[in-house]
Amino acid sequence: MSELAHEIADAVRRCPGVADLSGGPFGVVATYLPGEKIPGVALRDDEVEISIVVQPGRPLPEIADEVRTALAPLVGDRPVNVHIGGMR
């Protein structure tokens, strides 16, 4: 799970329009591993939750769709829920 969480975080950061990952409004969107926390990526058995900060200038639904597309090969048939938590 550790390697997958890191791969997902890297893939999200490479998406156009994504400034960074975010833990969400209360910092709860994260994957907790021994001695490590990966904010912005919550891996669950039945879904993946992503929280991002975006760069201005592009439609938000388009950025979210690109994140889902980038993650599809990594997450299989799990739905990817994208939360846009801010703009930078």
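In this predicted model, the side chains of Arg68 and Asp65 come together in a salt bridge, with 2.9 Å from N to O. Both residues belong to helix α2, which covers residues 60–75, and because they stand three residues apart in that helix, Arg68 and Asp65 are separated by about one helical turn. Neither side of this pair is fully hidden or fully open: Arg68 has a relative accessibility of 32% and therefore counts as partly exposed, while Asp65, at 43%, counts as partly exposed too.

Salt bridges that share partners also tie Asp10, Arg13 and Asp20 into one network. Within that network, Asp10 forms a salt bridge with Arg13, and the closest N and O atoms of this pair are 3.9 Å apart. Here the setting is helix α1, made up of residues 2–13, where Asp10 and Arg13 are three residues apart, so that about one helical turn separates them. Asp10 is partly exposed, with a relative accessibility of 39%, and Arg13 is likewise partly exposed, with a relative accessible area of 43%.

A further pair is formed by Glu49 and Arg44, which make a salt bridge whose closest N and O atoms lie 3.0 Å apart. Glu49 has a relative accessible area of 23%; since residues count as buried only under 20%, Glu49 is partly exposed. Arg44, for its part, is partly exposed with a relative accessible area of 31%. The pairs described so far are among the seven salt bridges that a search of the whole structure finds.

From these charged pairs the reader can turn to the way the two helices meet. Helices α1 and α2 pack at an angle of about 155 degrees, and their axes are 9 Å apart. Because angles over 145 degrees count as roughly antiparallel, α1 is roughly antiparallel to α2. The crossing in which α1 passes α2 is right-handed.

Which residues of α1 and α2 meet? On the α1 side they are Leu4, Glu7, Ile8, Ala11 and Val12, and on the α2 side they are Val67, Leu71, Leu74 and Val75. Sorted by class, the contact of α1 with α2 contains eight nonpolar residues, no polar residues and one charged residue. The charged residue is Glu7 of α1, because Glu counts as charged, whereas Leu, Ile, Ala and Val count as nonpolar.

Key: Residues numbered from 1 in each chain as written. Predicted model: local features only at pLDDT ≥ 70, side-chain atom pairs only at ≥ 80, totals over all residues. Heavy atoms only, no water. Salt bridge = Lys/Arg side-chain N within 4 Å of Asp/Glu carboxyl O. Helix = DSSP H or I, 4+ residues; strand = E, 2+ residues; numbered from the N terminus. Buried < 20%, exposed > 50% of the residue type's maximum accessible area, 1.4 Å probe, protein only. Axes fitted to C-alpha atoms, helices over the stretch in contact; angles between N-to-C directions. Parallel < 35°, antiparallel > 145°, perpendicular 65-115°, else oblique. Left-handed = near helix turned anticlockwise from the far one by under 90°. Contact = heavy atoms within 4.5 Å.
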